[in-house]
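I opened this notebook to record what I looked up in one structure. The entries follow the order in which I took up each topic.

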Amino acid sequence: MDVGAAEFEEKLPTLQELILGCDFVGLDMEFTGLHSMFPSGRAPSLFDSPAEWYQKARASVQQFTVSQLGLSIFSSEKSNKYMAHSYNFFLFPMTLSGMDSEFSFRASTVQFLSHYGFDYNRFLKGGIPYMNETQEQKLQQHLLSSHWTLHSGFIKDNMRKVIDEVTLWVVSAKEDDSIVLHDVYGFQMFEIQLILRQSLQDIWTIPLGHQELMVKKINPRRRWLLEKTFYDSCRREQILLSARGFTNLFQTLVKAKKLLVGHNMLLDLLHLHDKFYKPLPENYEEFKKNIHFLFPVLLDTKNIAKSIWKEYQFPYAPTLLEVYEMLCRDTARTCSSFSQYFDVLAVYVNQVNLIRAGAQKINFSGADDPAKLPPLLIVNVRGWPGVNEEQIHRELRLFCKFDVQRLRANQFLLLANKFKGVRLVLKEHKAHPNFQISLYHHWRHSPQVNCFLQICGIVASWSLVTFLLGGSVKHVV
């Protein structure tokens, strides 16, 4: 079921009840872009530690936004049966008075989502607002100022029509006369009321439900009294509740502490933290700590599929759809209880797949495991002046996807994620006219070690010379 701003507030209590009572929740997200255009040498690499990868990913997450968030809420009915309630939430950053956001689109992402039917009109015009804690604090301060302005051109046009309509009406209206505005939903309900009340001192606004708002002409004294009552529909608490939008459901998800399941979900977790909780911290360990506090039980099906396909004779499946199809065949053949899978998966809890880095996964409940990558290779280049990393990469990409890092002017390090590629490139480049490729040995090839050995050699040589000269002088005397 697709849910936008027009439907969200009505469905929120039901959604919160479902999450609090469920067994686990599946999550998937769409973004306006995945990775920013990194400067040369700054793209994610197999040479990156998890902390270095995080710093690069953090920059991308801050540049893009979430366009849609999907939740499947699973509740057990019988021992081997779960009921799933699935929702796709269109999201759009809160734009209110002094609050605004900047984000980018990646052309390839837009093209991909459009090909699969993503509704960008629904995202841009009817997305559910959201905010993180920092933005909410800013809004609270702004609410105290009681001054409202409009920044969004789309909202300005709609608001101008409403204000013009009410302004023309109020001139000829008598006290207690009223007019009803239609198709007012979501946070617009508060924005329209706040702008109208700020502009016109002799009106009062009353939400009627069903996306309708009544504007009533009253005298200023009566209005002052109404503003002091509990029944004012524009109380600060209600405005904040509506402005939070989807963040209200995020907070329910955090409160429930249910198992959260995703596929290749690390980027999802980064965006969840940044958009609904707090801006991503600079420190990688702090990010891990925060995510574990928010979601103490995680399962990444990408990490699971990568880890068990050899150990359990599980066919390798790179996509979530293929994993699902194989599980369906396996379940139909063995009639295993679905809960039995959870026993096997316990070892993978809080292990999230890491793409293109020096480690294969991140452990959100402990220290990250050491990398298990193929051995490092070194390339000595001859007869190719001015060669760079990109040229080395193009030369070798037919054999394997290597990451390349310059060591010296004519030396480069190669790192791959497949042992087969390492064996193949060592075999095929034995007699290459420009490349001499071999296994990297730290004590032989490291510039730091070589520098240290050279210094030791110099010191030893001077010590020997000093010793010999000292002995000669003593002999002469």
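The entries below cover the sheet, the salt bridges and the packing of helices.

**Entry 1. The model.** I noted at the outset that this is a predicted model.

**Entry 2. The sheet.** I began with the strands and asked in what order they form the sheet. I found 6 strands in an open sheet with the order 1-4-3-2-8-9, and the pairing is mixed. I then looked up which strands stand at the edges. They are strand 1 (2–3) and strand 9 (298–300), and each of them pairs on one side only.

I next looked for what packs on the sheet, and I recorded helix 1, residues 5–21. Helix 1 touches strand 1, strand 3 (66–78) and strand 4 (81–90). The direction of helix 1 makes about 145° with that of strand 4.

**Entry 3. Pairs of strands.** I went through three of the pairings in turn.

- Strand 2 (residues 24–31) and strand 8 (residues 259–262) run parallel and are joined by 3 bridges. Here I located valine 25, which stands opposite leucine 260 in strand 8.
- Strand 2 and strand 3 run antiparallel, with 8 bridges between them. I noted aspartate 28 opposite glycine 70 in strand 3.
- Strand 3 also pairs with strand 4 in the antiparallel sense, over 10 bridges. In this pairing, glutamine 68 stands opposite phenylalanine 90 in strand 4.

I added one general remark for later reading: in a regular strand, side chains alternate between the two faces of the sheet.

**Entry 4. Salt bridges.** I asked how many salt bridges the structure holds. The count is 11, and I examined some of them individually.

I took up the salt bridge between arginine 122 and glutamate 7, whose closest N and O atoms are 3.2 Å apart. Which parts does this pair tie together? Arginine 122 lies in helix 4 (residues 120–126) and glutamate 7 in helix 1, so the salt bridge links parts that are 115 residues apart in sequence. I checked the accessibility of both partners. Arginine 122 is partly exposed at 24% relative accessibility, and glutamate 7 is likewise partly exposed, at 27%.

I then turned to arginine 223 and glutamate 227, whose side chains meet in a salt bridge at 3.1 Å, N to O. Both residues lie in helix 8 (residues 220–227), 4 residues apart, which is about one turn of the helix. Is arginine 223 buried or exposed? Arginine 223 has a relative accessibility of 6% and therefore counts as buried. Glutamate 227, at 35%, counts as partly exposed.

I also recorded the salt bridge between aspartate 274 and lysine 275, with the closest N and O atoms 3.1 Å apart. Aspartate 274 is buried at 10% relative accessibility, and lysine 275 is buried at 9%.

**Entry 5. The surroundings of glutamate 227.** I returned to glutamate 227 and asked which residues it contacts, leaving aside neighbours within four places in sequence. I found Trp204 and Asp232. Tryptophan 204 is 23 residues from glutamate 227 along the chain, and their C-alpha atoms are separated by 9.3 Å.

**Entry 6. Helix 2 and helix 11.** I looked up how helix 2 (residues 50–63) packs with helix 11 (residues 266–277). The angle is about 60° and the axes are 10 Å apart. The two helices are therefore oblique to each other. I noted that helix 2 passes helix 11 in a right-handed crossing.

I then listed the residues that meet. On the side of helix 2 these are Trp53, Tyr54, Ala57, Val61 and Gln62. On the side of helix 11 they are Leu266, Leu267, Leu270, His271, Asp274 and Lys275. I observe that this list includes Asp274 and Lys275, the partners of a salt bridge recorded in Entry 4.

**Entry 7. Helix 11 and helix 12.** My last entry concerns helix 11 and helix 12 (residues 284–294), which pack at an angle of about 85° with their axes 11 Å apart. The helices are therefore roughly perpendicular to each other. From helix 11, I listed Leu266, Leu269, Leu270, His273 and Tyr277. These meet Phe287, Asn290, Ile291, Phe293 and Leu294 in helix 12. I noted that Leu266 and Leu270 of helix 11 appear in this list and in the one for helix 2.

Conventions: Residues are numbered from 1 along each chain as its sequence is written. This is a predicted model: local features need pLDDT of at least 70, side-chain atom pairs count only at pLDDT 80 or more; totals for chains, interfaces and linings use all residues. Side-chain values use heavy atoms; hydrogens and water are left out. Two strands pair if DSSP finds at least two bridges between them. Contact means heavy atoms within 4.5 Å. Axes are lines fitted to C-alpha atoms, for helices over the stretch in contact, and angles run from 0 to 180 degrees between N-to-C directions. Buried means under 20% relative accessible area, exposed over 50%, partly exposed in between (1.4 Å probe, protein chains only). Angles under 35 degrees count as roughly parallel, over 145 as roughly antiparallel, 65 to 115 as roughly perpendicular and the rest as oblique. A crossing is left-handed if the near helix is turned anticlockwise from the far one by less than a right angle, and right-handed if clockwise.
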